[in-house]
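Please look through the model shown here, beginning with a single side chain and moving outward to the elements around it.

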Amino acid sequence: GTFGANAGLPTLALKLLEPITQKYCPDFISNADLWALAANVATKVMGGPEIPTRFGRTDAKSSAESVESQVGRLPDGDK
């Protein structure tokens, strides 16, 4: 299924982060920490506040280890 708040992630963000993921994940940084860092940098670049990144997240090994769906909590990313 699609999650409107993630609009653009598969076509833009994944492609931008792919070289970093290939080089550094998971040996140096977890995918979870990379995404948190990317979100914080994007917020700053768009004129938002500087958000400190706290590292130490571990990647889920399966979707069963993920958080419950956040559908409806955020506006669609294409809005």
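**A serine between two helices**

In this predicted model, the side chain of Ser 30 reaches the backbone nitrogen of Asp 33 at 3.0 Å. Ser 30 itself is placed in the loop between H1 and H2, and, leaving aside residues up to four places away in sequence, Ser 30 touches Cys 25, Arg 57 and Asp 59. With a relative accessible area of 10%, Ser 30 counts as buried, because that value falls under the 20% limit.

The two helices on either side of this loop can be considered next. Helix H1 covers residues 9-24 and helix H2 residues 31-45, and their axes come within 12 Å of each other, crossing at roughly 120 degrees; the crossing of H1 and H2 is right-handed. On the H1 side, Leu 9, Ala 13, Leu 14, Leu 17, Ile 20 and Thr 21 take part in the contact, and they meet Asn 31, Leu 34, Trp 35 and Ala 38 of H2. Sorted by character, the residues of this contact comprise eight nonpolar and two polar ones, with no charged residue among them.

One further feature concerns aromatic rings. The count of aromatic pairs comes to one, and this pair is formed by Tyr 24 and Phe 28, whose rings lie 5.8 Å apart centre to centre in a tilted arrangement, with 55 degrees between the planes. The two partners fall into separate accessibility classes: Phe 28 counts as exposed because its relative accessibility of 68% is over 50%, whereas Tyr 24, at 34%, counts as partly exposed.

Notes. Residues are numbered from 1 along each chain as its sequence is written. This is a predicted model: local features need pLDDT of at least 70, side-chain atom pairs count only at pLDDT 80 or more; totals for chains, interfaces and linings use all residues. Side-chain values use heavy atoms; hydrogens and water are left out. Axes are lines fitted to C-alpha atoms, for helices over the stretch in contact, and angles run from 0 to 180 degrees between N-to-C directions. Helices (H or I, at least four residues) and strands (E, at least two) are DSSP runs, numbered from the N terminus. A crossing is left-handed if the near helix is turned anticlockwise from the far one by less than a right angle, and right-handed if clockwise. Contact means heavy atoms within 4.5 Å. Ala, Val, Leu, Ile, Met, Phe, Trp, Tyr, Cys and Pro count as nonpolar, Asp, Glu, Lys and Arg as charged, and the others, Gly among them, as polar. Buried means under 20% relative accessible area, exposed over 50%, partly exposed in between (1.4 Å probe, protein chains only). A polar contact is a pair of N or O atoms within 3.5 Å; within protein, one must be able to donate a hydrogen and the other to accept it, and residues adjacent in sequence count only if both atoms are side-chain atoms. Rings of Phe, Tyr and Trp (its six-membered ring) pair if their centres lie within 6.5 Å; planes under 30 degrees apart count as stacked, over 60 as edge-to-face and the rest as tilted.
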